[in-house]
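Thanks for coming. I'll take a few minutes on one structure, and you can follow along on the screen.

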Amino acid sequence: MWRAAAVRTLRGARSGAGALRAASGAAAAQLRRRLESELEDIRGAGTWKSERVIASRQGPHLRLADGGAGIINFCANNYLGLSSHPEVIRAAVEALEKFGAGLSSVRFICGTQSIHKDLEEKIARFHQREDAILYASCFDANAGIFEALLTPEDAVLSDELNHASIIDGIRLCKANKYRYRHMDMQDLEAKLKEAQKHRLRLVATDGAFSMDGDIAPLREICQLAQKYDALVFIDECHATGFLGPNGRGTDELLGVMDKVTIINSTLGKALGGAAGHPGVPCPILSPPSAGGYTTGPKPLIDLLRQRSRPYLFSNSLPPAVVGCASKALDLLMESNAIAQSMAAKTQRFRSKMTAAGFTISGKDHPICPVMLGDARLASVMAEDMLNRGIYVIGFSYPVVPKGKARIRVQISAVHSDEDIDRCVEAFTQVGRKHGALP
Ligand code: PLP
């Protein structure tokens, strides 16, 4: 009898589990239909972003997994070619061998090694600030600062075209939020006046804007900040290492190093990245691209170590990343030759493209957006550029505003003049073919 009861119970459980699976199956099927329709919309709008697979190391010349070889790469943030620098690669290998693959811990438990402290000290010295704190990425640094620093008594004033990570970081904090029109100083002043009622005001801006290649008017921002008793925060991801006479960034370029209070930046662009220089074999690894930081007043850095959630609840930076960045900073602090080497190449590309009839957004920055307007045109032209051996990417909504699609070209110190001329020639041919040029 007990056996019959047990069989009944088992059957009940099975049918229960089956019914449960059927219910979740219906929800999953509904979700699948919804997602597929959303994906179809993205494809239909011509804004699909596919990921091209690279079969070689990152660098100015690439081999793609689908067979394309000898491709010239114009879409990496490897502004100075330091991610390909033999000494940077060697430093990563040495750090890996001496300090291991990873810490398996957050910083405050058992994840701090001497190299982490050395790198933080070096970053602070590079930017001439009191202290610095490392994060797994600049996205994390931006996600972690506003919530830790600002309360409902405070206000943050943010450029409308700030990077997504600043926008997300600001969303997480409880401060009063003001968004000013892109680089519009009249609007910023109006918002600063409105924000006088709050305890503390923080103006937040990208130093250089990654989609437009334009540079924030930091002198004017700092003047307004002084007039309305505000602090200035800059994200220097597209400036650290190469803007300014010594590559210190936008604040050095515009002579306001003593007026900007907080800097966030990345180790994964000009200060390293993921590359091996052609002809410089790296037997163990290509250095990973990761790492970000905040640098500024010591009490702020101390507070971030106590309160900043992406710092407190995420693993320490792996030693190889720390080794790369540390060596990259040594090279930049030894000489400004690397930082200066890129400017002439940027100038060559910008002037030749303008002469060919293209509109290049921004000024004097290695981010050179070729403005096309139409999303499909940007995507088709980028594809055709690749057929001619030039790797560039089209950007469209939602990464940039609707109707402002573009192909973003990024110049690196390791491009040769011949690389740049080939790129301009390919643009001219492809532009004529697709009607972007007469
Ligand atoms: N801020 C800006 C302006 C960026 O362009 C990026 C990277 O795309 C980030 C922050 C995030 O940097 P990371 O790659 O270190 O997370």
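**A strand pair and a ligand site**

Let me start with one pairing: Pro369 has Arg408 in β13 as its bridge partner. Before going further, please keep in mind that this is a predicted model.

That pairing belongs to a longer run. Strand β10, residues 367-373, and strand β13, residues 405-410, are antiparallel, and six bridges join them. How much of β10 is buried? Five of its seven residues are, so the strand is largely enclosed by the rest of the structure.

Now to the ligand. There are 13 residues around it. Those that come nearest are Cys138, Asp235, His238, Thr266 and Lys269. By type, the shell divides into three nonpolar residues, seven polar and three charged. Which element gives the largest share of that shell? Helix α5, residues 138-149, does, with three residues.

Next, the polar contacts from side chains. Asp235 has a side-chain N or O atom 2.6 Å from a nitrogen atom of the ligand. His163 also faces a ligand nitrogen atom, with a polar side-chain atom at 3.4 Å. For His238 the ligand atom is an oxygen, and a polar atom of the histidine side chain lies 2.7 Å from it. As for cover, the ligand on its own has 390 Å² of accessible area, and the protein covers 81% of that.

To recap the two parts: β10 pairs with β13 through six bridges, and the ligand has polar side-chain atoms of Asp235, His163 and His238 at the distances I gave. That's what I have for today.

Methods
Residues are numbered from 1 along each chain as its sequence is written. This is a predicted model: local features need pLDDT of at least 70, side-chain atom pairs count only at pLDDT 80 or more; totals for chains, interfaces and linings use all residues. Side-chain values use heavy atoms; hydrogens and water are left out. A residue is near a molecule or strand if one of its heavy atoms lies within 4 Å of it. A polar contact is a pair of N or O atoms within 3.5 Å; within protein, one must be able to donate a hydrogen and the other to accept it, and residues adjacent in sequence count only if both atoms are side-chain atoms. Accessible areas come from the Shrake-Rupley method with a 1.4 Å probe; for residues, only the protein chains shown count as cover. Helices (H or I, at least four residues) and strands (E, at least two) are DSSP runs, numbered from the N terminus. Ala, Val, Leu, Ile, Met, Phe, Trp, Tyr, Cys and Pro count as nonpolar, Asp, Glu, Lys and Arg as charged, and the others, Gly among them, as polar. Buried means under 20% relative accessible area, exposed over 50%, partly exposed in between (1.4 Å probe, protein chains only). Two strands pair if DSSP finds at least two bridges between them.
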